[in-house]
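Hi,

I'm passing a structure over to you, since you haven't worked with it before. Have a look at it first, and then read on for what turned up.

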Amino acid sequence: MKSVDLLLGNTPSWIKIENRQKAVVKIIATPPMPGGGSDMQFHLELRVSSQHGVEVTEQNNHRRFPAFCLERHINSDHTFCLYFGSERLLKNDQAALEWWSSLGSFLVNQVYAARHGVWPLAAGLSHGAAAGEQLEMEALAEPLGWVDDILRAMFRGKG
């Protein structure tokens, strides 16, 4: 529960703790939307992951997202893939704050994907071990100004 406790000790203002039980914490997330659009509520559950971190999913009676969609970073067990290694043990307050920030971005990206039928280009990350290779490739492309070209080629099949 260390990771869950770290998260709950660093809860941002857009998170409301709805119910805390032994194995599950139910929350309502209302992340700020870009452009000051109306805030949307997401009913979520936090659980300890198999790697002693935290996994997050929608509450069963409040589903808005597909049950499974690799392109929208929703795993086959309904958990969210927030970032590479997001299910690992959180070690300090800074890691907890970064986890919350990633959850907020993930939710905003879900709204974008639902409206536009595609995941935001700059938020795309390859799955599994390919994520590390992608990040290395982006770092090499950055000084040349080619990051957008690489992302369009990888995620849109253009370029």
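Below are some notes on the sheet and on the two largest pockets.

Please keep in mind that this is a predicted model.

Let's begin with the sheet. It is open and built from four antiparallel strands, in the order β1-β2-β3-β4. β1 (15–20) and β4 (54–58) are the edge strands; each has a single partner, so one side of each has no neighbour in the sheet. From one strand to the next, the twist averages 30°.

In the pairing of β2 (residues 24–29) with β3 (residues 42–48), six bridges join the antiparallel strands. If you want a spot to look for there, K26 stands opposite E45 in β3. Helix α2 (residues 93–116) packs on the sheet and touches β1, β2, β3 and β4. The direction of α2 makes about 140° with that of β3.

Now the pockets. The largest pocket has a volume of about 700 Å³. Its lining counts 37 residues, with C81, L82, Y83, F84 and L125 nearest the centre. Helix α2 turns up again here: it gives the largest share of that lining, five residues. β4 and α3 (130–141) each supply at least two. By type, the lining of the largest pocket has 17 nonpolar, 15 polar and five charged residues.

The second largest pocket holds about 190 Å³ of space. Of its 14 lining residues, E71, V118, W119, F155 and R156 lie nearest the centre. The lining of this second pocket splits into seven nonpolar, four polar and three charged residues.

Enjoy exploring!

Best wishes

Methods. Residues numbered from 1 in each chain as written. Predicted model: local features only at pLDDT ≥ 70, side-chain atom pairs only at ≥ 80, totals over all residues. Heavy atoms only, no water. Pairing = 2+ DSSP bridges. Axes fitted to C-alpha atoms, helices over the stretch in contact; angles between N-to-C directions. Contact = heavy atoms within 4.5 Å. 1 Å grid on protein atoms, 1.4 Å probe; cavity = no way out; pocket = protein on both sides within 12 Å on 5 of 7 lines; lining within 4 Å. Points joined across faces, edges and corners; volume = space filled by probe spheres on them. Nonpolar A, V, L, I, M, F, W, Y, C, P; charged D, E, K, R; others polar.
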